[in-house]
Amino acid sequence: MNEPVRIFTPIEQLLVLLGGDMDRVNTLIRTRMASEHAPRIPEVTAHLVEAGGKRLRPLLTLAAARLCGYEGEHHIRLAATVEFIHTATLLHDDVVDESARRRGRPTANLLWDNKSSVLVGDYLFARAFQLMVETGSLRVLDILANASAVIAEGEVLQLSAAANVSTTEAVYLLVIRGKTAALFAAATEAGAVIAGAPEAQVRALRTYGDTLGMSFQITDDLLDYGGASAGLGKNTGDDFRERKVTLPVIRALAAGGADERAFWARVIGKGDQRDGDFETALELMARHGSLESTRAIALDYAGQAGAALGPLPEGPIRRHLADLADYVVSRLA
């Protein structure tokens, strides 16, 4: 009997091409997350860094640099920088959200405490800025420092939008551009800049990262209401139970009448959730097509990401990056 043919994901295909670079990034991460005087820092950091994440953001930095013909060493530092920024924000987010699980494991704030998570996150931000400076590129420093500020701004904006049924679609898009797309865009743009790529290619890779990140987050929010969520570290209905106002909720709310708005105000605004409420939410979304319209937006962003790669050199890396944009939304199948 023939074995089924194994189909590699675009992430796995990029790792085949960039595996040596990624190994060096992982080594640098382990080296720089060490602390001579505070052993809790590597303990807390390792718990999250070694939790089996796909390292997608640093992989994007490596891919962008290599796609633009870079042959130096600084892309390794930038990829580690991007992962440190991402890990720091996760540590802080879990404290803010009072989360108990991350990637299927207990969160650091649960295993240690909130103070340790916040302070170790601060340490990783400091390490990230040290790595940025080592590249000697003021422009790269500007890109990643700006992204860090936008991420923080997005998280603060999310606080005001949390459980607020008056949150608009425009505010939602601002939140996800800050919390997710900003670092995707910085990861790809920094890789192009360190490679000395022409401005058209730098802009193209920034646009690719931004639209890929938007598609990624909208898809993630949509998966909470159904889809191929296995292995994603989240369960269907988590966002609903945590009263997160995401695009499917915003669109269902906007299309509903007074009775439906009262339902959303109770379950999301007040947090008064009862047996069967999640199923009612799904029914309302189906009635108004909010899941399908949200899916269409995610697909549109993915299409923009693929199209943005036009000015880049043809070859395996560009092809896998284009496939990655399609793969992000294929999780909705």
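At what angle do helix α1 and helix α15 pack, and how far apart are their axes? In this predicted model, α1 (residues 10-32) and α15 (residues 316-330) pack at an angle of about 155°, and their axes are 8 Å apart. Angles over 145 degrees count as roughly antiparallel, so that is how α1 runs relative to α15. The crossing of α1 past α15 is left-handed. On the α1 side, the residues that meet α15 are P10, I11, Q13, L14, L17 and L18. Their counterparts in α15 are P316, I317, H320, L321, D323, L324 and Y327. Sorted by class, this contact of α1 with α15 has ten nonpolar residues, two polar ones and one charged one.

Helix α15 has another partner to look at, namely helix α9 (residues 199-223). Here the axes come within 8 Å and cross at roughly 20°. With angles under 35 degrees counted as roughly parallel, α9 and α15 are therefore roughly parallel to each other. α9, too, passes α15 in a left-handed crossing. The α9 residues involved are Y208, L212, S215, F216 and T219, and they meet L321, L324, A325, V328 and V329 in α15. This set divides into eight nonpolar and two polar residues, with no charged ones.

L324 turns up in both helix pairs: it is listed for α15 where α1 packs, and again where α9 packs. It sits in α15 and is buried, with a relative accessible area of 0%. Setting aside residues up to four places away in sequence, L324 touches P10, I11, L56, L60, Y208 and L212. P10 and I11 are among the α1 residues that meet α15, while Y208 and L212 are among those of α9 that do so. As for longer separations along the chain, L324 and K54 are 270 residues apart in sequence, yet their C-alpha atoms are 13 Å apart in space.

Some of these names come back in the largest nonpolar core, which has 97 residues. L60, Y208, L212, W264 and L321 are the ones with the most contacts inside this core. Its largest share, twelve residues, comes from helix α8 (residues 169-194). For W264, leaving out neighbours within four places in sequence, the contacts are V165, F240, V249, A252, L253, G269, A281, L284 and M285.

Helix α8 also holds G191. This glycine is buried, its relative accessible area being 0%. Apart from neighbours within four places in sequence, G191 is in contact with T61, A64 and A65. G191 and H74 are separated by 117 residues in sequence, whereas the C-alpha to C-alpha distance between them is 9.0 Å.

Two residues that are not nonpolar are worth a look next. D21, in helix α1, counts as buried at 6% relative accessibility. Beyond residues up to four places away in sequence, D21 touches L62, R66, H75 and I76. S148, found in helix α7 (residues 138-161), is likewise buried, with a relative accessible area of 11%. Its contacts, with the same sequence neighbours left out, are I85, F125 and F129.

Finally, the backbone. Most residues other than glycine have a negative phi. A163 has a positive one, of about 60°, although it is not a glycine. A163 is placed in the loop between α7 and α8. R243, also a residue other than glycine, has a positive phi near 65°. R243 is located in the loop between α10 (238-241) and α11 (247-255). At a relative accessible area of 27%, R243 is partly exposed.

How values were computed. Residues numbered from 1 in each chain as written. Predicted model: local features only at pLDDT ≥ 70, side-chain atom pairs only at ≥ 80, totals over all residues. Heavy atoms only, no water. Axes fitted to C-alpha atoms, helices over the stretch in contact; angles between N-to-C directions. Helix = DSSP H or I, 4+ residues; strand = E, 2+ residues; numbered from the N terminus. Parallel < 35°, antiparallel > 145°, perpendicular 65-115°, else oblique. Left-handed = near helix turned anticlockwise from the far one by under 90°. Contact = heavy atoms within 4.5 Å. Nonpolar A, V, L, I, M, F, W, Y, C, P; charged D, E, K, R; others polar. Core = buried A, V, L, I, M, F, W, Y, C linked by side-chain atoms within 4.5 Å. Buried < 20%, exposed > 50% of the residue type's maximum accessible area, 1.4 Å probe, protein only.
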